[in-house]
Amino acid sequence: MSHYRITSLRLGELYLPHGGSVMRDPVHCWLVRGDGCTILVDSGMADIPTIHKRLRVQGTGGGHPALVAALAAEGLTPSDISHVVLTHMHFDHADNLDLFPDACIVVQRAEMLAAVDPVPSQRVFYWRSTLDNLMARKRPAQLMLLDGDHQLFPGIRLLSVPSHTEGMQVVIVDTAKGKAAIVSDLGDHYRYWFPADARATSHPQRSLTGAYLTGNIRSESERDWQRAMRRVQDNSDIVIPAHDFRIPRNIPDEWFAIPDSTDGDLAHEPPEPAASA
C-alpha cells in the first residue's frame, strides 16, 4: 500500500466583511508527497492588491511570492510539482497556475464548464485568468479533465462531489494512520462537519446531530450537499477543511477528527449562515 504525507501550506488570509465586523479567512493549499510523487492540491489565491481591485476585499499574503516561499520552506520549487489537483476553480483555490507550466492540472470537466457559465451567484468567484491558463495547456500532458471519480495514483483517489460548485472534487489520501480527505470548500471549517460538537464550534446545534451544516455558496441543493459530505466521511477517516485556522500542519503526524476546543482560535469561527426563505 502506498502511504503519503500531507503538508498544509498557509498562503495568506482574506478579511471578509460580515455585517459590521470582519472575519479572517486563512487560505491554504496542500503538498502531498510519497511513493515518488510530489503533488499540490489547489494553488491558492492571487496577491491582495489584485483581489482588492476585483472584489474590494483586503487581506495578507497570496500571489506568487507566498506560494513560492511556502514551497521553498519545504525544500521545493514550482518545477518539482508534477500534478496540481484543483478541488474547484474559485479565485482563492486556483490562481498562480502560471507557476506550473509543465505540471499536469487535474480538474473535473464539469468544473471547467461551470467556470465558463457559472451559476449567477458565483460569477465573481471564477476568474478568466484561471480558465485561460487551462485552455492554453496541451492535453493530456498538461491538463487532465475528469468525468467523475478517479484513481489518480495508488493511494490517491478523487471523489466527484457536486455541492459548493458543479465540479467540486475531494482528494482522499492514504497515510500511515488512515485515509485523510482534503475537503476544501465542501465544508471549509470544522463546524460544518461537526455542527453539534462543542469541540468544533462555539455554537453547537443539537438539531444537527448526525447531520452537517452546508454553506450558502452552492450550485446544488442542500440534500445533494449533505449526501456529498456523508459520502466523503464514509470513504475517509479524517477531514481537512480549507479555511479553518486549526487544521493540522503535518499529516499524519498530527491526526485528529475534531480539534480540541482549547486549541486554535474559535474567535475567528465563521458566523452562522443566514437563513433563506
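Buried means under 20% relative accessible area, exposed over 50%, and partly exposed in between. Keep those cut-offs in mind at the first stop. The model on screen is predicted.

**Stop 1: Glu74**

Select Glu74. It sits in the loop between α2 (63–72) and β5 (83–85). Its relative accessibility is 22%, so Glu74 counts as partly exposed. Now show its surroundings. Leaving aside residues up to four places away in sequence, Glu74 touches Thr7, Leu9, Leu31, Arg33 and Arg249. Pick out Thr7 from that set. Thr7 and Glu74 are 67 residues apart in sequence, yet their C-alpha atoms are 8.9 Å apart in space.

Add Arg33 and Arg249 as sticks. Together with Glu74, these residues are linked in a network of salt bridges.

**Stop 2: Thr38**

Move to Thr38, in strand β3 (residues 37–41). Is Thr38 buried or exposed? Thr38 counts as buried, because its relative accessibility is 17%. Expand the selection to its contacts. Beyond residues up to four places away in sequence, Thr38 touches Leu31, Val32, Arg33, Leu76, Asp80, Ile81, Ser82 and His83. Arg33 also belongs to the salt-bridge network of the previous stop.

**Stop 3: the cysteines**

Select Cys37 and Cys104. How many disulfides are there? The count comes to zero. Why is Cys37 not bonded? The closest cysteine sulfur to that of Cys37 is in Cys104, 12 Å away, which is too far for a bond. A disulfide would need the two sulfur atoms within 2.5 Å. Turn the question round and Cys104 gives the matching result: the closest cysteine sulfur is that of Cys37, at 12 Å. Cys37 counts as buried, at 11% relative accessibility. Cys104 is buried as well, at 5%.

**Stop 4: the five-stranded sheet**

Switch to cartoon view and find the open sheet of five strands. Their order is β8-β9-β10-β11-β12, and the pairing is mixed. The edges are β8 (150–153) and β12 (238–241), each of which pairs on one side only. On average, neighbouring strands of this sheet are turned by 25 degrees against each other, direction ignored.

Start at the β8 edge. β8 and β9 pair in the antiparallel sense, over three bridges. Look for Phe153, which stands opposite Ile156 in β9. β8 and β9 form a hairpin with two residues between them. In the turn, select Gly155: its phi is positive, about 90 degrees.

Go on to β10 (residues 169–175) and β11 (residues 178–184). They run antiparallel and are joined by five bridges. Val171 stands opposite Ile182 in β11.

Now bring in helix α6 (residues 222–234). α6 lies across β9 (156–160), β10, β11 and β12. Against β9, α6 runs at about 165 degrees.

**Stop 5: the nonpolar cores**

Keep Ile182 selected. Which residues touch the most other members of the largest nonpolar core? They are Ile6, Val32, Ile182, Leu186, Trp193 and Val232, in a core of 45 residues. Show what surrounds Ile182. Not counting residues up to four places away in sequence, Ile182 touches Ile6, Trp30, Val32, Val41, Val170, Val171, Val173 and Ile240. Another core lies apart from this one. That second core has 28 residues, among them Ile81, Phe100, Leu131 and Leu143. Such clusters fit a wider pattern: in soluble globular proteins, nonpolar side chains tend to be buried together.

**Stop 6: salt bridges**

Finish with the charged side chains. The whole structure holds 13 salt bridges. Three pairs are picked out here.

- Asp224 and Arg227: the closest N and O atoms are 2.6 Å apart. These residues are three apart in helix α6, so about one helical turn separates them. Asp224 is partly exposed, at 28% relative accessibility, whereas Arg227 is exposed, at 53%.
- Asp197 and Arg199: their side chains meet at 2.7 Å, N to O. Arg199 is partly exposed, with a relative accessible area of 41%.
- Asp244 and Arg246: the N to O distance in this salt bridge is 2.9 Å. Both Asp244 and Arg246 are buried.

Key
Residues are numbered from 1 along each chain as its sequence is written. This is a predicted model: local features need pLDDT of at least 70, side-chain atom pairs count only at pLDDT 80 or more; totals for chains, interfaces and linings use all residues. Side-chain values use heavy atoms; hydrogens and water are left out. Buried means under 20% relative accessible area, exposed over 50%, partly exposed in between (1.4 Å probe, protein chains only). A salt bridge is a side-chain nitrogen of Lys or Arg within 4 Å of a carboxyl oxygen of Asp or Glu. Helices (H or I, at least four residues) and strands (E, at least two) are DSSP runs, numbered from the N terminus. Two strands pair if DSSP finds at least two bridges between them. Axes are lines fitted to C-alpha atoms, for helices over the stretch in contact, and angles run from 0 to 180 degrees between N-to-C directions. Contact means heavy atoms within 4.5 Å. A nonpolar core is a set of buried Ala, Val, Leu, Ile, Met, Phe, Trp, Tyr and Cys residues joined through side-chain atoms within 4.5 Å.
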